[in-house]
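This report covers the strand pairing, helix packing and selected local geometry of one protein chain. The structure is shown below.

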Amino acid sequence: MKKGLLINSEISYGISKLGHKDSIVIGDAGLPVPHGMQRVDLAVSKGIPSFLSVLSAVLSEQKIEKIILAEEIKTASTTLHEQILSVCKGAEGNLEIEYVSHEEFKRNTGKCKFAVRTGEFTPFANIILISGVVF
């Protein structure tokens, strides 16, 4: 049995197959997942699991170089926005951050290798993680 922070086998397996510049999306309970995309559905009930707890666990295993967020998070969910930036920068330090409209964000999810759905109900609690390299 894995003893690290991330113990979900589907997410671990998906991360293990990522290459440089591949991406995944972690979303709230309402993020639409494109038809045919692998979906790891962790949502149990409102807030369980939380977006930040899932993000932290994924960041413990995935090397990222860039994140993409919806521009709307800056005003609609300011506290969560600050928490996301803190968690991501704490995991990676030098990190590129891109903001796009929520509509463009949803279109960009179609390029992701897989999606993780959380029980989060906070508006715009969605992030695309772009893989980096470990060397």
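## Helix pair H2 and H4

The model is predicted. In it, helices H2 and H4 are roughly parallel to each other, because their axes cross at roughly 15° and angles under 35 degrees count as roughly parallel. H2 covers residues 51–59, and H4 covers residues 78–92. The two axes come within 10 Å, and the crossing of H2 and H4 is right-handed.

The interface between the two helices can be listed by residue. From H2, the residues involved are Phe51, Leu52, Leu55, Ser56 and Leu59. They meet Leu80, Gln83, Ile84, Val87, Cys88 and Ala91 of H4.

## Sheet

Six strands make up an open sheet with mixed pairing. The strand order is E2-E5-E1-E6-E3-E4. E2 and E4 (96–100) are the edge strands, each pairing on one side only. From one strand to the next, the twist averages 20°.

H4 also packs on this sheet, where it touches E3 (64–70), E4 and E6 (127–131). The direction of H4 makes about 175° with that of E3. H4 therefore counts as roughly antiparallel to E3, given that angles over 145 degrees fall in that class.

## Pairing around E5

Strand E5 (residues 114–117) runs parallel to strand E1 (residues 23–27), and four bridges join them. Within this pairing, Ile26 has Val116 in E5 as its bridge partner. E5 also pairs with strand E2 (residues 38–41) in the parallel sense, again over four bridges. Here the bridge partner of Gln38 is Phe114 in E5.

Arg117 lies in E5. Leaving aside neighbours within four places in sequence, Arg117 is in contact with Gly27, Asp28, Ala29, Arg39, Val40, Asp41, Leu42 and Ala43. Of these contacts, Gly27 belongs to the residue range of E1, while Arg39, Val40 and Asp41 belong to that of E2. Arg117 and Val54 are 63 residues apart in sequence, and their C-alpha atoms are 9.2 Å apart in space. Val54 falls within the residue range of H2.

## Backbone geometry in loops

Which peptide bond is cis, with omega near -10°? The bond from Ile48 to Pro49 has this geometry. Pro49 is found in the loop between E2 and H2.

Lys21 has a positive phi of about 80°, although this residue is not a glycine. Lys21 is located in the loop between helix H1 (9–16) and E1.

## Aromatic rings

How many aromatic pairs does a search of the whole structure find? The search returns zero. A charge is nevertheless placed over a ring: Lys74 lies over the face of Tyr99, at 4.0 Å from the ring centre. Tyr99 falls within the residue range of the edge strand E4.

Definitions and conventions. Residues are numbered from 1 along each chain as its sequence is written. This is a predicted model: local features need pLDDT of at least 70, side-chain atom pairs count only at pLDDT 80 or more; totals for chains, interfaces and linings use all residues. Side-chain values use heavy atoms; hydrogens and water are left out. Two strands pair if DSSP finds at least two bridges between them. Axes are lines fitted to C-alpha atoms, for helices over the stretch in contact, and angles run from 0 to 180 degrees between N-to-C directions. Contact means heavy atoms within 4.5 Å. Rings of Phe, Tyr and Trp (its six-membered ring) pair if their centres lie within 6.5 Å; planes under 30 degrees apart count as stacked, over 60 as edge-to-face and the rest as tilted. A charge sits over a ring if NZ of Lys or CZ of Arg is within 6 Å of the ring centre and within 35 degrees of the ring normal. Angles under 35 degrees count as roughly parallel, over 145 as roughly antiparallel, 65 to 115 as roughly perpendicular and the rest as oblique. A crossing is left-handed if the near helix is turned anticlockwise from the far one by less than a right angle, and right-handed if clockwise.
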